[in-house]
Amino acid sequence: MSHALNVGIVVFPGSNCDRDVAYVTSELLQWPTQLLWHEETNLSDYDLIVLPGGFSFGDYLRCGAIARFSPIMAAVKDHAAAGKWVLGICNGFQILTEAKLLPGALVRNRDLHFICDRVHLRLEAKERPWLQAYGDKTVIRLPIAHGEGCYYADPATLAELETNRQVLFRYADAQGNVTPESNPNGSLNNIAGICNAAGNVLGMMPHPERAADPVLSHSPSDHTLDGLQLFKSLLDAAVG
Amino acid sequence: MSQTPLVTEAEIAAEGLKPQEYTEIVRRLGRHPNRAELGMFGVMWSEHCCYKNSRPLLKQFPTQGPQVLVGPGENAGVVDLGDGLRLAFKIESHNHPSAIEPFQGAATGVGGILRDIFTMGARPIALLNALRFGDLKEAKTQQLVKGVVAGIAHYGNCVGVPTVGGEVYFDPCYAGNPLVNVMALGLMETPEIVKSGASGIGNPVLYVGSTTGRDGMGGASFASTELTDESMSDRPAVQVGDPFMEKCLIEACLEAFQTGAVVAAQDMGAAGLTCSTSEMAAKGGVGIELDLDKVPVREQGMVPYEFLLSESQERMLFVAVQGREAELIEIFHRWGLQAVVVGRVIAEPLVRVLYRGEVAAEVPARALAEDTPLYERQCPSEPPAYVQQARQWSVDQLALPARSPSEILLTLLATPSIASKAWVYRQYDHEVQNNTLVFPGDADAAVIRLRGTSKGIAATVDCPSRYVYLDPYEGGKAAVVEAARNLSCVGAEPLAVTDNLNFGSPETPVGYWQLAHACGGLAEACRALHTPVTGGNVSLYNETIDSNGQPQPIYPTPVVGMVGLIPDVQRVVGQGWRSPGDAIYLLGLPLTTPLSDPRLSLGGSEYLAQIHGLVAGRPPQIDLDLEQRVQAVCRYGIQQGWIASAHDLSEGGLAVALAESCLSGQRGATIQLPAGTYPRWDVLLFAEGGARILVSVPPTEQTVWEAYVQAQLPNAWTRLGVVNGEYTELCIDTCDNSPLIKVTMEELALAWRSPLPKYLD
């Protein structure tokens, strides 16, 4: 039985959270972790592929629009089609929608500003493997940092996402109420993270890797550790 | 050899060179310079590049100390953190570009200071900024704030370096000439600190990064003159930044330095190719031959003058080990960057520029970069008239306000300089890299933990510029001790300083008097606190010439950037109260201190400026001995784990500091003044100075804490009151139990949170 996942973290030119994810999986979780240059094409060694946050190719055209043409993306699609884990965080979520591995799009925040803050999220579809380690928790707190995190999809797609229970995280208040006031960026249905129909590809705007280190949680600021369980959930699922 | 001038007097003046400087150039060269050479002298002899007015004053700064690994003169200072960790840090201004084009001006300011850090072989780990604008009620100020903040966010967020702290002030004196100072910190990744002196005759000179265009022509000269109505049409002098290119450049450079194939490196900032070649050559005591035909370009038809003065961003110059250039070029190409051998190190100590097979310029490197003009000015012996007039003011002339102390407190909290800056720092990614222990606004200094150790780094930027205006010497001291106090309030031992001297013209007696006295104060305080200056930036001519031809200088603003070391990062405290029942103490001069004590003052205070509309009096005089003792007690108390929160008193004095600790901790406080004779209530509540810090201490630690503080500061501590629960009030009662201030948390929060969104959304 394995106690670790093999993690591959894709490095696009302009990725800037790649090393942060690697710190969590490699240093904190002690999982074998490899940074993968975006021209890599063989992903057969990995259980989990992470598309990290950042500004791939500067995000100059449209977030993620150029990254989806990187050679590694064909392999990521195969990896996903084989039912293996793919996690896109922030810019990674944007790339997954551009690559059509997830539906919808991420557009400019409602107030047009970049937002760096900590937000409450209501956990939805807790039967999904990504949320197994959260136990009884229904509300968690994670950091966000994005300028283009407003989730958009056409009504039919939205309805399908809801029916299939593909929404995993929704912006909410501390009590878990999904309100307009608790929506930082104008996302439809307060959506912060979704998975594909099969459930093995997750995209989320919040940064779980920034809420995983016990050293930081001992601070006058309101750091949380709510991100670590997301990674641990996958191990539970893999081990069965 | 040309015996007659090749350039016109107008062209000489256009380079910012004075006639006597031109004569000196001719003497040095033994001939008249051509247009390209003139341009090279113009930028290199600008104040921005050669400090010709400020160098004699900068000499008095202490620059040595056991912790200093690299002092002034390199791209950044480097200090030793122990455990093999070395911190590079530096501050730089981008004031004039930001005045003309706030978004790109501020963005490229971030890019420039980051290059200073990673050029040394250090990975940038944090950014801070010190911003100053005019009256926030003015539409023009609002546009500048929005542009500057968006520019900093655009560049810093994309490049993946967290913006963890800073300060933002508003005063009408900055209306036409805002200040944008950016400080960067980095951790060394290579065993050897990469220096800029070229060596090894025959070694190839490698150009890496982005292409060269006509953008930013002569930016250094532009930064060294007053802003006029015509400056707005000078936009080509403002560069355009590409943070994606910079991110790739960081990774490629750090990888390249690991190979050991890089002999020296210098970023191309102000004065581009001219500055990098001449400084690398002069520092190494060698020469550099540069072939412009090999320089990658982004536009056609450029002439040598344009190549040499371009300030296109995201470019660097390396000297490589001969024969190993190919492996370096491979790294840069992998990151999608230019990498071309454009020249070589030569024995003759000159910069020789080739263009289409001919020598386009040939200048002794030292004449450009080291042996530059120096103006020793006479400092007026008497303070200028405005200072003498300001000193006539005394508190006896001031009537107590008709409004209640509570109303005055709420008014002060709602002034933009004191109000919450969440609108600003929410736009900066302050968490990327996953090392930010304290978020902006939560503590008096930014704190970054150092992975693999129990240690942390604290950093702050500070300058009480109204004090400096009214008393440059004491104001200079105040900037240093306030920065150190910020660090002490998170438990950090102050290590070293990088300073950004933002002043008006040194060519006026008043301007030079301000500069000279402020430098004196900075130097004295840095010596006393054992925080040497490892580098910085001088930005003079921060004046706007109005339409009547009258210069309007800013307040003299020597921003002090200071870094400190935290031995145990788990002991760091914030400025907010933590738990109900914790006792609140004031360290520093007690509240019974009479106004005759010059260490405490309403002169130059925020209260006097905002409530009475007066900029007058003498600011508090700095007691360096008391400051050090108070700060040491605060640090020790934090490191022992006795202290739950610490916050220094600055603008707005005691009442504002108490309110800020309430706001940050989201709980109220009850203050009961001990028996004693107190000054009038506005002095008691709003006077500034006195080396003061507010701390809160849990009941379990109070006995040991009080014994310690009594031994260390027998006459400089006061027990003030107690922390309340959430959703309560801030109450300050006099010793005979009459309420002086009584405000709810909701009132405090509304006053303090509203101003910036109100004017900027």
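Leaving aside its neighbours within four places in sequence, which residues is Val432(B) in contact with? In this predicted model, the residues that Val432(B) touches come from both chains: Asn16(A), Cys17(A), Asp20(A) and Arg210(A) on one side, and Gly160(B), Val161(B) and Pro162(B) on the other. Val432(B) itself is placed in the loop between helix 17 (422-425) and strand 14 (436-438) of chain B, and with a relative accessibility of 0% this residue counts as buried. One of its partners, Pro162(B), is 270 residues away in sequence, yet the two C-alpha atoms are 5.4 Å apart in space.

From this residue the view can widen to the whole boundary between the chains. There, 33 residues of chain A are in contact with 38 residues of chain B, and the area buried between the two chains is about 3100 Å², with carbon and sulfur atoms giving 53% of that area. Between chain A and chain B there are also 21 residue pairs in polar contact, counting pairs in which both residues have pLDDT of 80 or more. On the side of chain A that touches chain B, the elements that give two or more residues are helix 1 (18-28), strand 6 (115-123), strand 7 (139-146) and helix 5 (214-217). Sorted by class, that side of chain A has 16 nonpolar, nine polar and eight charged residues.

Charged pairs also join the two chains, and the count between chain A and chain B is five salt bridges. In a salt bridge between the chains, the side chains of Asp213(A) and Arg449(B) meet at 2.6 Å, N to O. A network of salt bridges links Arg19(A) with Arg123(B), Glu189(B), Lys247(B) and Glu251(B).

Chain A, taken alone, has six helices and eleven strands, and its C-alpha trace spans about 45 × 40 × 35 Å along the principal axes. For 240 residues a compact globule would have a radius of gyration near 18 Å, and the 16 Å of chain A agrees with this. Of the 240 residues in chain A, 62% are buried, and among its contacts with a separation of 6 or more, 76% are between residues 24 or more positions apart.

Over all chains, the whole structure holds 53 salt bridges, and several within chain B can be followed individually. Lys52(B) forms a salt bridge with Glu21(B), their closest N and O atoms being 3.1 Å apart; the pair links distant parts of the chain, with Lys52(B) in the loop between helix 4 (47-50) and helix 5 (55-58), and Glu21(B) in helix 2 (residues 19-29), 31 residues apart. Lys52(B) is buried at 7% relative accessibility, and Glu21(B) is buried at 2%. The side chains of Arg31(B) and Glu37(B) likewise meet in a salt bridge, at 2.9 Å from N to O, and both of these residues are buried.

Another salt bridge joins Arg618(B) and Asp471(B), at 3.3 Å, N to O. Arg618(B) lies in the loop between helix 21 and helix 22 (624-639), and Asp471(B) in the loop between helix 18 (465-470) and helix 19 (472-488), so the pair ties together parts of chain B that are 147 residues apart in sequence. Here Arg618(B) counts as partly exposed at 40% relative accessibility, whereas Asp471(B) is buried at 5%.

Helix 21 (residues 606-611) of chain B also holds Glu606(B), a buried residue with a relative accessible area of 3%. Beyond its neighbours within four places in sequence, Glu606(B) is in contact with residues including Leu412(B), Arg466(B), Glu651(B) and Glu688(B).

Conventions: Residues numbered from 1 in each chain as written. Chains lettered and ligands numbered in written order. Predicted model: local features only at pLDDT ≥ 70, side-chain atom pairs only at ≥ 80, totals over all residues. Heavy atoms only, no water. Contact = heavy atoms within 4.5 Å. Buried area = accessible area lost by both parts, 1.4 Å probe. Salt bridge = Lys/Arg side-chain N within 4 Å of Asp/Glu carboxyl O. Polar contact = N/O pair within 3.5 Å; in protein donor to acceptor, adjacent residues only side chain to side chain. Helix = DSSP H or I, 4+ residues; strand = E, 2+ residues; numbered from the N terminus. Nonpolar A, V, L, I, M, F, W, Y, C, P; charged D, E, K, R; others polar. Buried < 20%, exposed > 50% of the residue type's maximum accessible area, 1.4 Å probe, protein only. Rg over C-alpha atoms; globule rule 2.2 N^0.38 Å.
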